[in-house]
Amino acid sequence: MIRAIGRYPQVIVTIFIFGVLGLFIFGSRYYIEQSRQALALETAEAFEISISTLHLFYSKEIVPRAEAAGVELTENFRETTDKIPFPATMTMNYGEELHANRTGMSTAMYSHYPFPNRANRELDNFQKQALAFLEKNPEDPFVKLNTTDDGDVIRYARSIIMEPDCVQCHNDAGVGKPWKVGDFRGVREVSIDLPRSSVIENEMKNLTIGLSITIAVLGMLLMLPTVNILQSTSRANEKLAAELAEKNTDLQQADLQKSRLMKGVGHDLKTPLNAIIGFSDAMQNELFGKLNNEKYKDYASSIHSSGVHLMQMIEQLLTTGIIQDGGWSYQEEEIDLRKLLHSMAPILRVTVEQADMELTLHPAKQDVFLRGDGRAIRQILTNLVDNAVKYSKASQIDIRCDVKKNELVLSVQDNGIGIPERDLKKLKEEHYRGKTSQENNSAGLGIGLWLVDNFAKIHGSELIINSTETQGSRFEVHFPPERISLKTTV
């Protein structure tokens, strides 16, 4: 590309000039429309704030003084001379006056519990949508641009939340339900007519002509010297690309050396660690005679559990390196899941019960056979149970094997504290540790769920996580129909 610019500068300059002019001409209308909408939105926000402030001032300053003076509040204040309107009535009548006087602005209030004299009012689609949205999202505005025969109108709505000064008045008036501070009362809407664009468009046309001439002159003056700069930049970029390629090769070699080092260190650690685990197990079980002091037995138990935990971490690191290098040797077999669950149950139950939790197995009602890698399936169950033990703070963990819609669903569920929504999408990332593990300072490398997801992908599946805070979590792996076969138990 840069070489072409150096060879044909006149053509490139011409294309540049016409390109800039075309972008400006076509972009000017977009800019005008965006400017109109932005101006209307800012005006609507400011208008809504002023209406809200007026409403609040009336409620806090006028109403208490009127009540202290014995003046009654009513919806039908225009029928008397010695009563004043409710704050909501005042605001709504003010909006109707604005609309009647063609100011280009209006305001309205509506809710699920209107005052009796407005109970039969029919809400339009925007108002129904605003009520539904703001009841669920009271902190956010609800905005839409409507096009009518008279022009464009921006409609801006905000939620009305019960303030301490309003609760008593509403409850005394008997409107709707018993109210308390913080309840969603309804919606305050303002409407703003967008300014006409004809004047702006005329100004933009004049500006376009002047800018076209300016760009043409500047393009000729600036683009030609730029060609030389681009040519020298091209040579520099080629040199930089060669250097980057060399650096990339070095990084690949370093990564390869790192993987080899991890494998070597991992295997070197496993040999003495197996001895530590074996000796500590023999000591805590007193295979060669009684230990005279109970503390020695406690020390042996701590050494054994720490050694097992360290061994698990080393195994996870080694497995991670193998998967990353594409070196996992997939060994397919037909797996009897009922037998697999029962064979793993004693090991898993020890881990669960040491954390003062209970483990329950729920095999499928039918004999289910899975075509897959048995080592990977065992690792999936082990990692999911280990994850629940470390982070869920549950009292119960359930392992289920179900057949749903011709798919095999292998799941681990707990009744613990659940997972924050912001963590759910990141849990399958390598080395990611969620808020719970950080707060509890739980041991771990953050690769357990990453391994589960990768083992699931090897089988044409993925890890699916469902969780709600305070209501527990469910981790599922769905295996496709072509990998399973069923046999009804007689």
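This note goes through strands, helices, loops and one surface patch of a predicted model.

1. Basis of the note. The model is predicted, and local features are reported where pLDDT is at least 70, side-chain atom pairs count only at pLDDT 80 or more, and totals for chains, interfaces and linings use all residues. Residues are numbered from 1 along each chain as its sequence is written, and side-chain values use heavy atoms, with hydrogens and water left out.

2. Strand β5 and its partners. Strand β5 covers residues 151-161 (strands are DSSP runs of E of at least two residues, helices are runs of H or I of at least four, and both are numbered from the N terminus). Nine of its 11 residues are buried, so β5 is largely enclosed by the rest of the structure; buried here means under 20% relative accessible area, exposed means over 50%, and partly exposed lies in between, with a 1.4 Å probe and protein chains only. Strand β4 (residues 142-148) runs antiparallel to β5 and is joined to it by seven bridges (two strands count as paired if DSSP finds at least two bridges between them). A hairpin of two residues connects β4 to β5, and F142 stands opposite A157 in β5.

3. Strand β6. Nine bridges join β5 to strand β6 (residues 184-193), again in the antiparallel sense, and the bridge partner of I161 in β6 is F184. V187 also belongs to strand β6 and is buried, with a relative accessible area of 0%. From C-alpha to C-alpha, V187 lies 9.9 Å from A132, although 55 residues separate the two in sequence.

4. The five-stranded sheet. An open sheet with mixed pairing is formed by five strands in the order β8-β10-β11-β13-β12. The edges are taken by β8 (358-362) and β12 (463-467), each of which has a single partner strand, so one side of each is left without a neighbour in the sheet. From one strand to the next the twist averages 15 degrees (axes are lines fitted to C-alpha atoms, for helices over the stretch in contact, and angles run from 0 to 180 degrees between N-to-C directions). Within this sheet, β11 (residues 407-414) pairs with β13 (residues 473-479) in the antiparallel sense over seven bridges, and L408 has F479 of β13 as its bridge partner.

5. The three-stranded sheet. A second order to trace is β7-β9-β14, an open sheet of three strands with antiparallel pairing. Its edge strands are β7 (332-336) and β14 (484-487), each of which pairs on one side only, and the twist averages 25 degrees from one strand to the next. Strand β9 (residues 367-373) is joined to β14 by four antiparallel bridges, with S485 of β14 as the bridge partner of F369.

6. Helices α3 and α9. The 14 residues of helix α3 (residues 87-100) should span 20 Å at 1.5 Å a residue, and its end C-alpha atoms are indeed 20 Å apart; the expected span is 1.5 Å times one less than the number of residues. Buried residues of α3 include P87, M90, N93 and L98. R102, which follows α3, has a positive phi near 50 degrees. Helix α9 (residues 374-391) reaches 26 Å from its first C-alpha to its last over 18 residues, close to the 26 Å expected. It is mostly covered, with 13 of the 18 residues of α9 buried, and K393, just after α9, takes a positive phi of about 55 degrees.

7. Positive phi in two loops. D356 is not a glycine, yet its phi is positive at about 60 degrees; D356 lies in the loop between α8 (337-354) and β8, and at 70% relative accessibility D356 counts as exposed. K405, also a residue other than glycine, has a positive phi near 55 degrees. K405 sits in the loop between β10 (396-404) and β11 and counts as exposed at 79% relative accessibility.

8. A nonpolar surface patch. I276, Y299 and I303 make a nonpolar surface patch of about 290 Å². Patches are made of residues with over 30% relative accessible area and no salt bridge, with like charges joined within 9 Å and nonpolar side chains (Val, Leu, Ile, Met, Phe, Trp, Tyr) within 5 Å; a salt bridge is a side-chain nitrogen of Lys or Arg within 4 Å of a carboxyl oxygen of Asp or Glu. Accessible areas come from the Shrake-Rupley method with a 1.4 Å probe, and for residues only the protein chains shown count as cover. I276 is found in helix α6 (residues 198-284) and is partly exposed, with a relative accessible area of 41%.
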